[in-house]
Amino acid sequence: MLGVFNLRNFLNTAVCGFIIGVAAITPGLSGSVLAISLGIYPKLLGSVMNLRKDFKPSVCFLGIFAMGALLGMLVFGVVMKPLLENFERSIIWLFMGLIAGSIPSFMKEATQKGFKMAYIIPMLVAFAVGVFFTTLTEHRLTAVADSSPVMLFAAGAILAIGAIVPGISSSFVLMQIGMYDKLISSFVCFNILDMFWISLGAGIILLATIKLINLAFEKLHGYAHFAAFGFLLSSVVGVFPGIEHITDIILFVTGALLIYAFGIVTKSKNKNFGR
């Protein structure tokens, strides 16, 4: 299913994992939306779904992707706090550019089987739900949640949901329950015990919901993708910082061009996996 893994495929998968890992811990971004835009989302679902059938290629692909994602979380986690404290506006505009640059590829995938006006309904519903939750995060409690295994398990579960449900920003939800800082610290400090509970929660929820998500995107392709797009738009509304300087626009355009170009290159390379 996944084809022969060579150096090019290794780097391609690792870089995709890195980008999606960064998005997973960036408030307002959805790693799964970027995965769809980069053309790697079906491969991720397929690898998990066919783990027993195609064990070696699936484990190889998932292992390389996970390595890139963890590296992305670790590297970005180290600099996340100082960046957001000193350059919050710049970071937000750059990542909003990444979102904008991913939209053309995302919409092309969403309308692969045609477009129906009925798709607008799930998009609007998802947008309303997303705005509701982002509004909640603006009024979240300042208290930090405890670091019990139950809360760490829940944090992992939330990460998994954000990873497989396009448009959901796990970071927003984690901020709401006071677990965002703890999650970042666990990766940065490489706390093995905390990472165990987080991974356990993510793994169980992933295995429990992957078939349902895969079925939704297979049988309700357009509806599912436009619902995801609604969540994506709501995430932009939640983080929009306003325009104050020309550098805001420059960073936005830079991010959009980078992810658009990377998406084109990645999708062309990803075709080799299915051969």
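**Notes on an all-helix model**

1. Let me start with Val-129, which sits in helix H5, the stretch covering residues 120-138. Bear in mind throughout that this is a predicted model. Val-129 has a relative accessible area of 34%, so it counts as partly exposed; for that label the value has to lie between the 20% and 50% cut-offs. Have a look at its partner across the fold, too: the C-alpha atoms of Val-129 and Ser-234 are 8.2 Å apart, although 105 residues separate the two in sequence.

2. On the overall fold, the chain has 11 helices and zero strands. Written out along the sequence, the pattern is α-α-α-α-α-α-α-α-α-α-α. Of the contacts between residues at least 6 apart in sequence, 84% join residues at least 24 apart. The Val-129 and Ser-234 pair, at 105 residues apart, is one example of a long step in sequence with a C-alpha separation of 8.2 Å.

3. Now for the surface. The chain has 275 residues, and 45% of them count as buried. About 13600 Å² is exposed, with carbon and sulfur atoms supplying 73% of that area.

4. The pocket deserves a careful look. The largest one has a volume of about 950 Å³. Its lining takes in 38 residues, and those closest to the pocket centre are Phe-65, Ala-66, Ala-163, Ala-202 and Leu-206. Which helices supply at least two lining residues each? They are H1 (7-24), H2 (31-37), H3 (41-49), H4 (55-110), H6 (149-164) and H9 (192-219). By class, the lining of this largest pocket has 29 nonpolar and nine polar residues, with no charged ones.

5. Ser-32 belongs to helix H2, one of the helices that supply at least two residues of the pocket lining. Is Ser-32 buried or exposed? Its relative accessibility is 0%, so it counts as buried, the cut-off being under 20%. Along the chain, Ser-32 is 136 residues from Ile-168, yet their C-alpha atoms are separated by 8.0 Å.

6. A quick word on the cysteines. The structure holds zero disulfides. Cys-16 has a relative accessible area of 0% and is therefore buried. Cys-60, at 31% relative accessibility, counts as partly exposed.

7. Last, a loop residue. Where does His-245 lie? You'll find His-245 in the loop between helix H10 (221-239) and helix H11 (246-270). Its relative accessible area is 47%, so His-245 is partly exposed; the exposed class would need a value over 50%. His-245 and Ser-90 are 155 residues apart along the chain, and 9.9 Å separates their C-alpha atoms.

Key:
Residues numbered from 1 in each chain as written. Predicted model: local features only at pLDDT ≥ 70, side-chain atom pairs only at ≥ 80, totals over all residues. Heavy atoms only, no water. 1 Å grid on protein atoms, 1.4 Å probe; cavity = no way out; pocket = protein on both sides within 12 Å on 5 of 7 lines; lining within 4 Å. Points joined across faces, edges and corners; volume = space filled by probe spheres on them. Helix = DSSP H or I, 4+ residues; strand = E, 2+ residues; numbered from the N terminus. Nonpolar A, V, L, I, M, F, W, Y, C, P; charged D, E, K, R; others polar. Disulfide = S-S within 2.5 Å. Buried < 20%, exposed > 50% of the residue type's maximum accessible area, 1.4 Å probe, protein only. Contact = heavy atoms within 4.5 Å. Areas by Shrake-Rupley, 256 points an atom, 1.4 Å probe, with all protein chains shown as cover.
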